[in-house]
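Trainee: I should like to learn how the terms used for a protein model are justified. May I put some questions to you while we look at one together?

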Amino acid sequence: MDTASSASRIARRRAALAIVAAIALMVGACSPTSVRSLNITGPWARTSPAVAGAGAAYLTIQNTGNVADALLGGSSPAARVVEVHETKDMGSGTMGMQRVERLEIPAGSTVELKPGSYHLMLIDLARELKAGETIEITLDFEKLGPVKVTAEVRAG
Amino acid sequence: MVMTGLRSTQRRPRPVRAGRLHLTHLVSLAAAVLCAGVLLAGCAAAGPPAWTMDPVMVEPVTMPPLGARETAYDPPVPAPPLRLTDQDGNPFDLESLRGGPVFVYFGYTHCPDVCPTTLADVRAAIKQSGVPAKVVFVTIDPARDNAAAMQQYVDYYGADYTGLTGSAVQIARAATDWGVSYRQLPSDSANGYPMAHSTETYLLDADGKLRHHLFFGAGPDLIADRLTEVAGP
């Protein structure tokens, strides 16, 4: 075996090692890690008299992570209890509501809480909700935990 | 339990052949069954409440095409009667509002989403169109929505809003007249039970004629357009 061929063998081995290392690094970089990330946009609450049975707040939740999460409810200084409800068709031209214990927010999805659909029910309002003011709502997520948002109060 | 049968039998001792089914056995058995029956019947009679609310389910008057936000009465028809108790506890007749357009809506005060959304859209439409219109909010939850509750609710919206309530029977009759279905739903909410109910807003003209059903989600723009048309030049 002359030096030229052994040198090229070493070089080939080095190249092979480099390629293997590069592949390993790439594979390492692609291996999935849990990304929990929610974007909450446009929180608002409808103006309401204090004496109304309950008020409502709406917002959009975007799950930009790769792990599903779920909205379990919330709390707010503006109301005694905050629950998630869904307005739905109840047949024969009627609409009604059902409490949602766990609103699933699948990975990569956007879930809208809006009039006529999912909404946060603000039960036993502490005071009238007046247009132009803001209220704090702490959303309770199953994985992410508590997330505080500031909701704008408006008529519609 | 009075076992008179047994007692009278025992007072007249009669030789009984052991092991044989004797008349005394049958009599005492029959007496026991009868007494048990009377007791059980008494329990059953005490059980359910004397009256429970029956759901009011009415076939919709018109079946609009899918996705429609309204239906129109062409020609207009006289509006059904509406005579209930207003938020001040006084008798109210819808005919008293003749002379201008009127919106009629059936809902309930413990409704946080559909009813406030609809009333907000109607309020916005009235403002947008510049047409002064009256709004009549009729409760389909008279158990909770008494006159005082209706007063607090409609006072918030303004002087042109009337809240109507009544007895369960009166509300059921009014709902049937207007083609409104409603029923109580089970609930595990701190807000109490929700109601399922028809969500149309009725638009009447100044002569008390029904002109439109505006469905939930019609939106303030469409409502304003219809109000302007109905109000006329």
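Mentor: Let us begin with chain B of this predicted model. Of its contacts with a separation of 6 or more, 71% join residues 24 or more positions apart. In chain A the corresponding figure is 67%.

Trainee: What makes two residues count as being in contact?

Mentor: Their C-beta atoms, placed from the backbone, must lie within 7 Å. B:V136 serves as an example: leaving aside its neighbours within four places in sequence, B:V136 is in contact with B:L94, B:V102, B:F103, B:V104, B:T162 and B:L164.

Trainee: Which elements make up each chain?

Mentor: Chain B has 6 helices and 10 strands, whereas chain A has 1 helix and 10 strands. From the N terminus, the helix of chain A precedes its strands, in the order α-β-β-β-β-β-β-β-β-β-β.

Trainee: How do you know that α3(B) has the length expected of a helix?

Mentor: The 16 residues of α3(B) should span 22 Å at 1.5 Å a residue. The C-alpha atoms at its ends are 22 Å apart, and therefore the two values agree. Just after α3(B) comes B:G130, with a positive phi of about 75 degrees.

Trainee: Why is α3(B) called mostly covered?

Mentor: A residue is buried if 20 or more other C-beta atoms lie within 10 Å of its own. In α3(B), 12 of the 16 residues are buried, so the description "mostly covered" applies. Among them are B:V114, B:L119, B:V122, B:A125 and B:I126, and also the charged residues B:D121 and B:R123. For the whole chains, 36% of the 233 residues of chain B count as buried, and 31% of the 156 residues of chain A.

Trainee: How do you know that the buried residues of α5(B) line one face of the helix?

Mentor: The buried residues of α5(B), which comprises residues 168-178, are B:I171, B:A174, B:A175 and B:W178. Seen down the helix axis, these residues fall within an arc of 100 degrees, so they line one face. An α-helix has 3.6 residues a turn, so residues three or four places apart point the same way. The cover over the buried residues of α5(B) includes the chain B strands β2 (83-86), β4 (102-107), β5 (134-139), β7 (182-184) and β9 (201-204). After α5(B) comes B:G179, whose phi is positive, near 75 degrees.

Trainee: What makes a group of residues a nonpolar core?

Mentor: Its members are buried residues of certain nonpolar kinds, joined through C-beta atoms within 7 Å. The largest such core has 51 residues, and B:F103, B:V136, B:A175 and B:L227 are among those with the most contacts inside it. Its largest share, 6 residues, comes from α3(B). Apart from this core lies another, of 29 residues, including A:L59, A:A79, A:I137 and A:F141.

Trainee: How many residues of each chain take part in the contact between them?

Mentor: 32 residues of chain B are in contact with 27 residues of chain A. On the chain B side, α3 (114-129), α4 (147-157) and β8 (195-198) each supply at least two residues, and α3(B) gives the largest share, 6 residues. This side of chain B divides into 17 nonpolar, 12 polar and 3 charged residues.

Trainee: Why are β5 of chain A and β8(B) said to pair?

Mentor: Pairing requires at least two bridges. Strand β5 of chain A, residues 94-99, and β8(B) have 2 bridges in the antiparallel sense, so the requirement is met. Within this pairing, A:T94 stands opposite B:S198.

Terms used
Residues are numbered from 1 along each chain as its sequence is written. Chains are lettered from A and ligands numbered from 1 in the order in which they are written. This is a predicted model: local features need pLDDT of at least 70, side-chain atom pairs count only at pLDDT 80 or more; totals for chains, interfaces and linings use all residues. Helices (H or I, at least four residues) and strands (E, at least two) are DSSP runs, numbered from the N terminus. The expected span of a helix is 1.5 Å times one less than its number of residues. The arc is that of the directions from the helix axis to the C-beta atoms.
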